[in-house]
Amino acid sequence: MKSLCVGLVLLMLCFANSEVEIRGQVVSDPEAEWNRVAVPVRKDLGRSIGLKSVNTNSSILPVSRRVPISVIVSSSNDPKEAFKPEKGVRELPDAVKRMLLQASGFTTAPPTGGGTLPPVEVRCHIDRMYVRVRKSMFKIRNVLKNLKLGNCCPNGIYGDHYYFLYPLTAKCGFETQSNVDDFIVRATLRYSPFGAAIRDMPFRINIHCKYPRFFHSYKVGIYPKVQGGTVHKQLKHCVFKLIAKDEYGNEIKDNDAVLLGKMLQFEAKRAEGTPLPEKRRLYIDKCFLTTSRNPGSEPKYHVIEKGGCMMDSMVSERSKFLTCNSKYVQKFAMPTVVLNDSMSSPLGLGQKLFMHCEISWGPEKATESQKACTYNLQEKRWQELYDDDSVCACCDFACGSILRSSKSDIVTSHAWKVDWSNSDVGLDIGFEHIYDPMDS
């Protein structure tokens with residue numbers, strides 16, 4: 001009883017330190033929940049899509065009506081034309097009859113040899129992925145903080161196992177892949193111990209659940225017809241442009257390589273053919289790096305925030321706004337960096353990065369909401385590029401939001417590849433175990 005209480009306390013600590021929002025509470029009886037989802041997947045899929053159960057008792061139903069609730073077929077074998085609605089009555093082709101009358105066998109779990117359970121087990125249900133790990137894999141008891149399925153900690157402990165009992169909607173970092181015949185959900189089970197002495201080897205196990213896509217009902221065939229049409233949408237006219245340059249001022253083209261730590265310059269200015277406003281100044285309100293051309297992708301590294309605060313200058317004294325001959329142009333410089341997930345790329349290949357900036361026109365004199373502030377690491381204070389430094393005071397806190405008369409745009413630079421072939425990069429060594437309960 002004492003060891004069980006300690007395990008529950010450690011489990012709650014894992015939840016408290018997790019950055020992931022976990023749906024529901026700790027599962028009180030994980031073993032019962034694990035056994036509950038042993039219901040055949042095909043039977044549960046039939047219920048979920050509204051198919052009525054068929055009583056297959058031979059004393060009640062004739063042979064002609066003893067059919068499975070659903071049949072899973074590949075797209076290449078899907079006889080779409082045979083189920084196309086039409087007037088009158090016609091007989092189904094023999095091949096379709098054989099397909100519909102076949103036995104509805106299923107497999108709930110892969111066989112295990114000698115009655116010994118594997119160290120890691122997976123159950124793929126219609127709307128959830130369950131994983132359990134044997135405690136005997138570890139030499140120490142306090143593994144909960146370091147054992148995760150994606151971003152999620154174990155939410156159940158019972159007997160000889162740690163349990164991950166999560167729906168597919170949980171924020172565990174599940175990855176999905178949509179194929180012609182199936183839908184795949186992937187997750188990584190990883191154990192990452194840390195400390196001065198490591199007593200268990202770290203590992204990574206790639207897991208995926210495969211869900212079939214095609215089902216046939218025996219009552220009504222559905223053959224939707226898509227109505228054509230044209231939708232007109234006004235294209236957005238970009239007012240600004242963002243140019244990435246190397247340390248020598250040469251413009252960077254897509255996929256140019258830049259050594260890690262070398263300087264980059266970025267120049268924001270109005271796009272060609274756009275009007276030049278009078279008595280205005282160009283401001284860079286925020287900038288961030290991503291590994292994708294999509295500004296909404298993750299992860300992000302924020303370089304400029306709060307309406308013109310160079311946040312990276314608090315880390316590197318080489319990051320700063322640069323003076324220009326015209327206030328219609330704004331430049332800044334920073335050393336080349338890599339994002340956290342960049343280190344997962346093969347050694348020496350580098351990572352493609354994009355800079356995204358929100359740019360706008362503003363008053364000639366800087367304000368709290370529009371400014372160009374760099375942090376002076378030696379003097380430990382913020383400095384505005386052209387005007388009074390007092391407008392930078394909010395960079396340490398939260399800058400006020402002021403309604404702007406001009407519309408801001410987010411523009412993206414050309415991509416570059418960070419070359420870290422001359423840098424020290426750690427290698428993550430593990431093993432993979434692909435387990436697909438749906439494969440027969």
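The torsion about the S-S bond of C152 and C172 is about -95 degrees, so this disulfide is left-handed. C152 sits in the loop between strand 3 (147–149) and strand 4 (156–158), while C172 sits in the loop between strand 5 (161–167) and strand 6 (175–178), so the bond ties together parts of the chain that are 20 residues apart in sequence. The structure described here is a predicted model, and in it the sulfur atoms of C152 and C172 are placed 2.0 Å from each other. Because its relative accessible area is 0%, C152 counts as buried, and C172 is likewise buried, with a relative accessible area of 0%.

**Disulfides**

A search of the whole structure finds six disulfides, and the table gives three of them, including the pair already described.

| Pair | S to S distance | Torsion about the S-S bond | Handedness |
|---|---|---|---|
| C124 and C209 | 1.9 Å | -75 degrees | left-handed |
| C152 and C172 | 2.0 Å | about -95 degrees | left-handed |
| C394 and C399 | 2.0 Å | about 85 degrees | right-handed |

The disulfide between C124 and C209 links distant parts of the chain, since C124 belongs to strand 1 (residues 120–125) and C209 to strand 8 (residues 203–212), with the two positions 85 residues apart. Both C124 and C209 are buried. In the pair formed by C394 and C399, the torsion is about 85 degrees, so the link is right-handed, and both of its cysteines are buried as well. A further cysteine, C324, has a relative accessibility of 17% and therefore counts as buried, given that the cut-off for this class is under 20%.

**Nonpolar cores**

The largest nonpolar core comprises 30 residues, and those with the most contacts inside it are F266, V303, F332, M355 and W416. Two or more residues come from each of strand 9 (240–246), strand 11 (263–270), strand 12 (280–290), strand 13 (301–305), strand 16 (330–335), strand 17 (351–363) and strand 21 (416–419). Of these elements, strand 17 gives the most to the core, with five residues.

Which residues does M355 touch, leaving aside those up to four places away in sequence? Its partners include F266, V303, F332 and W416, which are also listed among the residues with the most contacts inside the core. The other residues touched by M355 are L242, C287, F288, L289, M334, V411, T412 and S413.

Apart from this core lies another, of 28 residues, among them C124, M129, V133 and I157. C124 thus appears in two settings, as a member of this second core and as a partner of C209 in a disulfide.

Notes
Residues numbered from 1 in each chain as written. Predicted model: local features only at pLDDT ≥ 70, side-chain atom pairs only at ≥ 80, totals over all residues. Heavy atoms only, no water. Core = buried A, V, L, I, M, F, W, Y, C linked by side-chain atoms within 4.5 Å. Buried < 20%, exposed > 50% of the residue type's maximum accessible area, 1.4 Å probe, protein only. Helix = DSSP H or I, 4+ residues; strand = E, 2+ residues; numbered from the N terminus. Contact = heavy atoms within 4.5 Å. Disulfide = S-S within 2.5 Å.
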